[in-house]
Structures are given as C-alpha cells and as structure tokens.
Amino acid sequence: MRDFAAIDFETANECPTSVCSVGIVIVRDGVIVDSFYHLIQPEPNFYKWFCQQVHGLGHKDTDDAPVFPYVWEKIADKLEGLPLVAHNSRFDEGCLKAVFKVYQMDYPDYEFHDTLSASRKHFGRSLPNHQLHTVSAACGYILENHHHALADAEACAHIAMQIL
C-alpha cells in the first residue's frame with residue numbers, strides 16, 4: 001500500500017462518539033507527506049477516569065476545543081480518495097461512523113484497512129502480542145508517545161508501509 005491515510009482517535013469515555021483527539025498521517029507513494037493533530041470537544045462531554053489514565057486528556061485540554069464537524073472540515077479534503085488505515089480499525093471506524101451520525105453528517109463510506117489483523121497474518125506467533133507498540137517495533141519504528149493520537153497514527157503508518 002503506497003497511498004493512504006493512517007488515523008487514530010482517542011475517546012473521553014466508553015461512547016464511540018466521544019472522540020477527544022484525532023491524529024492523521026498522509027502517505028503518498030510510500031512516503032509520509034503530511035500529518036494532522038487536533039483536540040476535539042467530545043460528545044458526550046465527560047471523561048472517564050480510565051480513559052484519562054490511558055491518554056492523559058481531560059476537560060482542561062478540550063473545553064476550548066472545537067466540536068468534531070469543525071475539526072473534520074479541516075481534514076476531509078486531505079483524505080479525499082485515500083483509503084484509511086488504523087490499528088484495530090473496528091474501533092476507529094466505529095468512532096468515525098458514530099460521530100458522523102451524532103452530528104448528522106453524511107458519511108462518505110471511507111475504505112478502512114486494519115494493521116492489527118494484518119500483523120496477525122504477517123507475524124503470526126512470532127510476536128508476544130500484536131499491540132501497536134509491539135508491532136511498530138517489529139517493523140523498525142519505536143513508538144515513544146503511545147496513546148497520543150498523532151504518535152499512534154505515525155506508528156500505524158509505518159506498520160502499513162511495511163506489511164500492507
């Protein structure tokens with residue numbers, strides 16, 4: 001895969017609509033050419049303790065952030081015509097579809113590819129697990145800021161360039 005956009009969301013709570021940050025890395029002709037990160041005011045706008053422990057974000061970070069439609073307006077053109085790639089794409093695709101629905105936006109039927117399932121096929125039992133940081137290391141990329149949406153999208157992009 002040589003042209004795609006790697007995407008990662010972090011959520012404020014268990015609701016897939018509660019995206020509180022997004023990271024996107026654009027790859028063209030096998031080279032990272034652009035990246036995008038933005039905080040988002042989640043919907044519903046509350047944080048679960050566990051989620052905050054994972055990514056470190058909270059109200060202090062997102063209370064002044066725009067809601068999803070305004071952030072997506074900055075992203076949509078960058079993604080036009082590109083398949084999307086995510087590690088455990090069921091989660092990120094589910095978030096994207098849910099937040100489009102909650103804001104009554106027309107979903108453009110993005111094509112998703114999953115580096116988690118690709119890793120399981122490619123590496124099999126040779127890895128101790130198929131978590132993002134483990135797989136990215138196996139692909140020669142060290143993920144240093146795990147659960148930051150842009151850092152995770154960058155790791156996913158490196159995985160996709162190696163095994164998709």
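**Close-up views of helix α3 and the cores**

**View 1. What packs over helix α3.** The cover over the buried residues of α3 includes β1 (4-11), β2 (19-28), β3 (31-39), β4 (84-86) and α4 (89-102). Here buried means under 20% relative accessible area, exposed over 50% and partly exposed in between, with a 1.4 Å probe and protein chains only. Helices (H or I, at least four residues) and strands (E, at least two) are DSSP runs, numbered from the N terminus. This is a predicted model, in which local features need pLDDT of at least 70 and side-chain atom pairs count only at pLDDT 80 or more, while totals for chains, interfaces and linings use all residues. Residues are numbered from 1 along each chain as its sequence is written, and side-chain values use heavy atoms, leaving out hydrogens and water.

**View 2. The two faces of α3.** On the inner side, Phe68, Val71, Trp72, Ile75 and Leu79 are buried. They cover an arc of only 90 degrees around the axis, which puts them on the same side of α3; the arc is that of the directions from the helix axis to the C-beta atoms. An α-helix has 3.6 residues a turn, so residues three or four places apart point the same way. Turned away from the buried side are the exposed residues Tyr70, Glu73 and Asp77.

**View 3. α3 from end to end.** The 12 residues of α3 (residues 68-79) should span 16 Å at 1.5 Å a residue, and the end C-alpha atoms agree, being 16 Å apart. The expected span is 1.5 Å times one less than the number of residues. Just after the helix comes Gly81, with a positive phi of about 80 degrees.

**View 4. Trp72 and the largest nonpolar core.** A nonpolar core is a set of buried Ala, Val, Leu, Ile, Met, Phe, Trp, Tyr and Cys residues joined through side-chain atoms within 4.5 Å. The largest one has 24 residues, and Ile24, Trp72 and Leu96 have the most contacts inside it. At least two residues of this core come from each of β1, β2, α3, β4 and α4, with α3 giving the most, five residues. Look around Trp72: beyond its neighbours within four places in sequence, Trp72 is in contact (heavy atoms within 4.5 Å) with Ile7, Phe9, Ile24, Leu79, Leu96, Phe100, Met105 and Tyr110.

**View 5. A second core.** Separate from the largest core is another of 12 residues, among them Ala118, Tyr141, Ala155 and Ile159.
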